[in-house]
Amino acid sequence: MTETTTRTNDSGTPLVPLLPAPLARHTVTAGSAIALIGTFMAWTWTSDFPGDLTVDGYPGGLQLLTLTGALLTLLFALSAYGVKGLRWLTPAGTNAPLRLLALATFATTGYTLGAISSDLGGIVNLEPGAYVSGIGSLIALVAAFALPGDTPGNDTTADNAWQRIRHTLAAPSPRTAKTIPDWAGILIIVAAFAIGLYVFAYGIDTEYTELFIGFLITAVFTFAAITQAGLLARLSALTAQHRTVTLSAAFVAAICFPFTQSSDEYALIGANILIFATVALGLNVVVGLAGLLDLGYVAFLGVGAYAAALVSGASTSSLGVHFPFWAAILVGAGASLIFGVLIGAPTLRLRGDYLAIVTLGFGEIFRITMNNLNGNSGPNVTNGSRGIPAIPDITIFGYDLGISHDIAGFTLGKPGNYYLLMLIVTLIVVTVFRRSADSRIGRAWVAIREDETAATAMGINGFRVKLIAFALGATLAGLAGTVQGHLTSTVTPEQYQFAGSVPPNSAFLLAAVILGGMGTMSGPLIGASLLYLIPAKLQFMQDYQLLLFGVALIVLMRLRPEGIVADRRKKLEFHETGQLDVPDANLTDTVGVTKAGA
Amino acid sequence: MTSMTTTTNTVLQASGVTMRFGGLTAVRNVDLTVNSGEIVGLIGPNGAGKTTFFNCLTGLYVPTEGKVTYKDTVLPPKPHLVTQAGVARTFQNIRLFPNMTVLENVLVGRHTRTKEGLWSALLRLPGFNKAENASRERAMELLEFTGLAAKADHLSRNLPYGEQRKLEIARALASEPGLLLLDEPTAGMNPQETRAAEELIFAIRDQGIAVLVIEHDMRFIMNLCDRVSVLVQGEKLVEGTPDIVQADERVIAAYLGTPFEGAPGEEEIAEVEAAESAQSTTSTEGDTP
């Protein structure tokens, strides 16, 4: 097999030097095959454990996740052998992704076995199938770590165990891709988004906590594996080539989402994620581009929601007018714009920390004022803490968003309708972000963020430019607020706090931007999705949510300070070690969506 | 523009500029004129108020007294309006936008000479792309001019020191100034880089841009400048051609200090030296028994 030696580097010292490299690879293949077979057997005797893992010959529930992990491990192992037709799977490293996938399989299986044991009371509840999969995945894991590292250099030279483990899980950047015809590139992008949509919908649809945790474990390790395999770099190079196609594909995938949902509960989660993500993207204009730390951003969402609620024709609205939706949306966005200018005009002359304090204050003032405009402590405008309930649903061209509609055989409930409406708002915000970032004004924002004195010396009117960013951010939040008010059909002051357990609040918005990647377009969208989805699906952690959130932030900032989706600039900023000094062809290709930060 | 007389047109006129910070007068009653096509040097010992004077010219400080005119209009005390009017500057400590690319840095310099606002960017109004492309083209020209074109996509923070200085000049030139203020453009440069900077400044002057330069490197300033002005303790001491300034005793005094009244004459120095050498020989004899 000369093919194998040319494809992989078998010379480095592995972390666990048990087996020679070819033998280790055979063992990984065999181990994951065993794990795969195990998933077709019964794992437990009773259907008390959710997902019914008692059936022979038909994997279900968590078994499916193990199956996916084992199958992917097999595929990547075959790719490492150089099997024709599978080599495209590993353009960068072969061993590191294999290790990560073996880890995914093992962790998912291990978690499942643990969950069965603890749910049903003891490991006696495990059937042979569970042992088969467990042992198979363990063998695969150990053997995978017996494979040498992908990155040149000796694994054992690193200082401590942690660094050595990280080293074995890292792969070099992929070889330059062969040019493929446009139609193939487009097909790949479409397929990638279809898979993405499927995985996302699967995650939202997970019906019990165990399945969701298993899903998270599998997804995280698999994602890391395909990143190390270089597939992600290849994909982002493609998306950079076909940006319009990518955006359309993302949009179409997003449109498809409510049609994949049978229950309103999960469609509602989707709609809320979209609202959260859109507001986070709006905040990214203010924080990521212009560098203005806004700690009261959720108040602008509140202004939009309240303004729309007041003109919605709700019986409790003090105005008692009923505007058509397009007018309500304009009122909401307009009110936020006015508040943005009112707050920004006096405060944007301040720099840095002062602005953060003032905006923090504004956020609280908004909430307290809405509480006090109740007829007792002030004029009755907002009904105080009771809020404005029973906001009527929107009707657009006779299409009532409040009731279910059957479209092409799919039933679209109220949350689904609002999801689609929100998607339009998201599209607007995405367009605004992209276009403003890539223009004279966007460059002025970044310049102000980088060095305000130098920027003014270059002829930029700092105050004016900052005010535009601030007001634009406020307007976008107000726009989202109008939809949010109608979706929740009640607006109360308590929805718009600085920090709370329900995601659209200022702290979580900021966290979504930072987690996802400041100054990028897809970053806040991904960050917001994760920040909403994880707490929503893990109800049992509700009490510890803020604690876990804090821990997650610290871990991420330690390991990946530039966020999940790195702006090219940020990547260069945080990882100073030489090699990125010169932007190589690859790097400029991967900018893609992140180029919006320009 | 053809005859030599037009070159005497005044570009910048500062008259009676005084800057006080509380009780401290950093700049006192300084007059300075820069004519078109001229390179004027501003020198002085550390703390003489050169950079403060620069900041007064560019609107970073509002002078306590005096006024600054550029081509017969009074400059407003706002940095961005000064740049708009046609006075661009560089900074003593390089102040690039470190996380923007080289090209983007220069494009930011184009800010005052383009008008596309937010609406134009959002709606991609006709003319947006045209203006953007024109800006890019002009920026690339400037990068060619300063020899940085090959590094247009690099982050400016990753450029070597000398090139960062050049980029700062390119960025300033992007605002199409009539007067360029350079604050210590060769600080920290080696002799080759200094010579290159000198040629660059001459080339800028040849484009019809007047230059006012602060510098400590005397050889550089004497080669470069048509006129040199000396600032000492906030006041202008001398102004004139390099030869006049170099020969001026007050300037030498300002840099090296004056001999005090009871300074020893040559005879006394010889006497002391003789005594010291005698002493040292005796002491060495004493040490070695």
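The following questions and answers go through a predicted model of chains A and B.

Reader: What should I know about numbering and about which atoms and residues are counted?

Author: Residues are numbered from 1 along each chain as its sequence is written, while chains are lettered from A and ligands numbered from 1 in the order in which they are written. Side-chain values use heavy atoms, with hydrogens and water left out, and in this predicted model local features need pLDDT of at least 70, side-chain atom pairs count only at pLDDT 80 or more, and totals for chains, interfaces and linings use all residues.

Reader: What pLDDT does chain A average, and over which residues at its high-numbered stretch, 576-598 included, is it below 50?

Author: The pLDDT, which is the predictor's confidence in each residue from 0 to 100, reaches at least 70 for 90% of the residues of chain A. Residues 1-10 of chain A fall below 50, with 23 contacts (heavy atoms within 4.5 Å) beyond near neighbours in sequence. Where pLDDT is low, the predicted coordinates should not be read in detail. The average for chain A is 81, and the stretch below 50 that has 47 contacts is residues 576-598.

Reader: Over which residues of chain B does pLDDT stay under 50?

Author: Chain B averages a pLDDT of 86, and 92% of the residues score at least 70. The stretch under 50, for which the model has four contacts beyond four places in sequence, is residues 1-7 of chain B.

Reader: What area is buried between chain B and chain A?

Author: In this pairing, 38 residues of chain B are in contact with 36 residues of chain A. Buried area is the accessible area (1.4 Å probe) that two parts lose on being put together, summed over both. Carbon and sulfur atoms give 59% of the area between chain B and chain A, which is about 3400 Å².

Reader: How many residue pairs in polar contact are there between chain B and chain A?

Author: A polar contact is a pair of N or O atoms within 3.5 Å, where within protein one must be able to donate a hydrogen and the other to accept it, and residues adjacent in sequence count only if both atoms are side-chain atoms. With both residues at pLDDT 80 or more, the count between chain B and chain A is twelve residue pairs.

Reader: Which side chains meet in a salt bridge at 3.0 Å, N to O?

Author: A salt bridge is a side-chain nitrogen of Lys or Arg within 4 Å of a carboxyl oxygen of Asp or Glu. A search of the whole structure finds 21 over all chains, and two are counted between chain B and chain A. The pair at 3.0 Å is A:Arg443 and B:Glu132.

Reader: How far apart are the C-alpha centres of domain 1 of chain B and domain 2 of chain B?

Author: Domain bounds, which come from an automatic or database domain assignment, give domain 1 as 1-86 + 177-277 and domain 2 as 95-175 in chain B. The C-alpha centres of these domains of chain B lie 29 Å apart.

Reader: Which three residues supply 34% of the area that domain 1 of chain B buries against domain 2 of chain B?

Author: The two domains of chain B bury about 1300 Å² between them, 68% of it on carbon and sulfur atoms. There are zero salt bridges between these domains, whereas three residue pairs are in polar contact, both at pLDDT 80 or more. The residues that supply 34%, more than any other three, are B:Gln84, B:Pro177 and B:Leu200.
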